[in-house]
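Got a minute to walk through a model with me? Here it is.

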Amino acid sequence: MEHKELIPNLFRTEYQKIVSVLCSLFGIQHIEIAEDIVSDTFLTASETWAIKGIPENPSAWLYTVAKNKTKNYLKRNNVFETKIVTEIKHNTPLNNPEIDLDLSDQNIADSQLAMIFTVCNPCNSEEAQIALALNLLCGFGINEISDAFLSNKEVIYKRINRAKEKLKEENIKIQHPNNAEIKDRIQTVLKTIYLLYSEGYYSISQNTTLRKDLCTEAMRLTYLLIQNESTNLPQTNALMALMCFHSSRFDARTGLNGEIILYEDQDQSLWNQELIDKGTYFLSQSSTGNTLSKYHLEAGIAYWHTIKKETTEKWENILELYNNLIILEYSPIVALNRTYALSKVKGKTEAIKEAEKLNLTDNHFYYSLLGNLYSEVDVKKALEHFEKARDLAKTIADKNIISKNIEQLKWKTI
Amino acid sequence: MNEFLLIFRRDFKTKETQPSPEELQQHLQQWQNWFGSLAAQDKLARPLQRWDGQGKLVKSNKGITDGPFVEIKESIGGLIIIKAKDYDEAAEIAQGCPVLNFGGNVEIRMAV
């Protein structure tokens, strides 16, 4: 009953905690030993708990078993003894030959932070960083990761292993980053978490529970950074605000059959007010200092979207934020969204002129936008654009939405 | 694709031609939308850079004066570097520049 739910969830949260602590202790070269010890711990847990029932404090139980397994491993394994123990002694201030696995909250938090910076090391591609983050920082198995990426297991398995090998080759140290390192590398870390979140939020995978889990994990990692003084930066808070605002609409944006429900058609009562409030809190926390990151701008845009009432003020603010965002960093999607905001402020005719200058002729969103803008101006043209959009759309879900637009438009002309 | 330097100049001194605070607010919005539009077309060749409104001028006698300058009627308001196919396209882009609404002008140079 409960058992089935408990183990995977516990596995996920505790796996990455214990792995982080063990990896910090052993160093990157022995990451597999750390993973083996943890996997073995969970195997013991599921076997024992199946017979004796779940202990009162499952986490504490797991920590004790993990500690014992680590000690046993160190005692038994001679190779390990000679090869690594020197390194461990080097890493720990204790001269105690008996190694004690420190699974206190503080050490778990420190180790996790160190691991985040290790996993998000730019020596690996962004794609590899995300897969590795899901595996080591979030405790996702190969099956789940390949499901999220809609990729086959073999590919994901290889990607993760290559990423681990790369970290070893480069001899990346798993250690608490100092302030200069944080300043240098926080961008990469935040970007990986942002991509991890987007993977969950925009993934074409039909598995909604899994996608939600990805988003939750990205938020958990960001929260970890916020709880640590040295990484609690304005942009970290801005990223958190952005994710809270987006997540507040998670339940409203998919229908019963998994179809996408567009913003305008969403049932506002399904928006999660608690997350909107949290987002507002983190957004206010982010407005210190003088860096205006893209997360600030995106969080600002997402904030205005939590207000459903259409006002001039709303769209003027959104347009201003999109202007700043596109000036900061070009992306076709931002260019299209900016033009949509422009249509709300300056009207469709002006927006059509601007949209046509974008010339993103391989992008189905481009034709959808033109179709939308032309709908009240020139129905024939609108239909032509929507049909091009449907031809270019890659997923069934996208094609369905466009078909719905075409149907509605055809009704209008009758 | 070529790169073009666009230099915006206007008269910052003659009192009668200066914008009112409301006009200035509107003016800022026009600039922002214009930059946003260029960025959306991926026409910006370099990140935007802000410049102060003060400035200094070094003359042929090596004398240095603080801006705004009595000697020059039109001062530089700003400059950007854009991507465009040729002078025709660059000039067409410059025609949308908000500085023109305040009697200013845009000088264009192609990077060679």
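What follows is a short chat about this predicted model.

Visitor: How does the model score on ipTM and pTM?
Guide: Keep in mind that this is a prediction. The two scores come as a pair, ipTM 0.87 and pTM 0.85.

Visitor: Where in chain B is confidence lowest, and where is it highest?
Guide: Chain B as a whole averages a pLDDT of 89, and 96% of its residues score at least 70. At the low end sits strand β3 (residues 64–66) of chain B, with a mean of 86. At the high end, with 97, is helix α2 (residues 87–94) of chain B.

Visitor: How many helices and strands does chain A have?
Guide: Picture the C-alpha atoms of chain A filling a box of roughly 80 × 50 × 40 Å along the principal axes. Of the 414 residues in chain A, 36% are buried. As for secondary structure, chain A has 19 helices and zero strands.

Visitor: At what angle do α12(A) and α13(A) pack?
Guide: Helix α12 covers residues 273–286 of chain A and helix α13 covers residues 294–305. Their crossing is left-handed, and their axes lie 11 Å apart. The angle is about 145 degrees.

Visitor: Which residues of α13(A) meet α12(A)?
Guide: From the α12(A) side come A:Gly279, A:Leu283 and A:Ser286. By class, this helix contact has three nonpolar, three polar and no charged residues. The α13(A) residues are A:His296, A:Ala299 and A:Tyr303.

Visitor: Which helix gives the largest share of the side of chain A that touches chain B?
Guide: Start with the counts: 12 residues of chain A are in contact with 10 residues of chain B. On the chain A side, α14 (312–328), α15 (332–346) and α16 (348–358) each supply at least two residues. That side divides into six nonpolar, two polar and four charged residues. The largest share, five residues, comes from α14(A).

Visitor: Which residue is the bridge partner of B:Ile7 in β4(B)?
Guide: Strand β1 (residues 2–11) of chain B runs antiparallel to strand β4 (residues 74–84) of chain B, and 10 bridges join them. Within that pairing, the partner of B:Ile7 is B:Leu79.

Visitor: And which residue in β5(B) stands opposite B:Leu5?
Guide: β1(B) also pairs with strand β5 (residues 105–110) of chain B, again antiparallel, through six bridges. Opposite B:Leu5 in β5(B) stands B:Arg109.

Note on methods: Residues are numbered from 1 along each chain as its sequence is written. Chains are lettered from A and ligands numbered from 1 in the order in which they are written. This is a predicted model: local features need pLDDT of at least 70, side-chain atom pairs count only at pLDDT 80 or more; totals for chains, interfaces and linings use all residues. Axes are lines fitted to C-alpha atoms, for helices over the stretch in contact, and angles run from 0 to 180 degrees between N-to-C directions. Helices (H or I, at least four residues) and strands (E, at least two) are DSSP runs, numbered from the N terminus. A crossing is left-handed if the near helix is turned anticlockwise from the far one by less than a right angle, and right-handed if clockwise. Two residues are in contact if their C-beta atoms, placed from the backbone, lie within 7 Å. Ala, Val, Leu, Ile, Met, Phe, Trp, Tyr, Cys and Pro count as nonpolar, Asp, Glu, Lys and Arg as charged, and the others, Gly among them, as polar. pLDDT is the predictor's confidence in each residue, from 0 to 100. A residue is buried if 20 or more other C-beta atoms lie within 10 Å of its own, exposed if 12 or fewer, and partly exposed in between; C-beta atoms are placed from the backbone. Two strands pair if DSSP finds at least two bridges between them.
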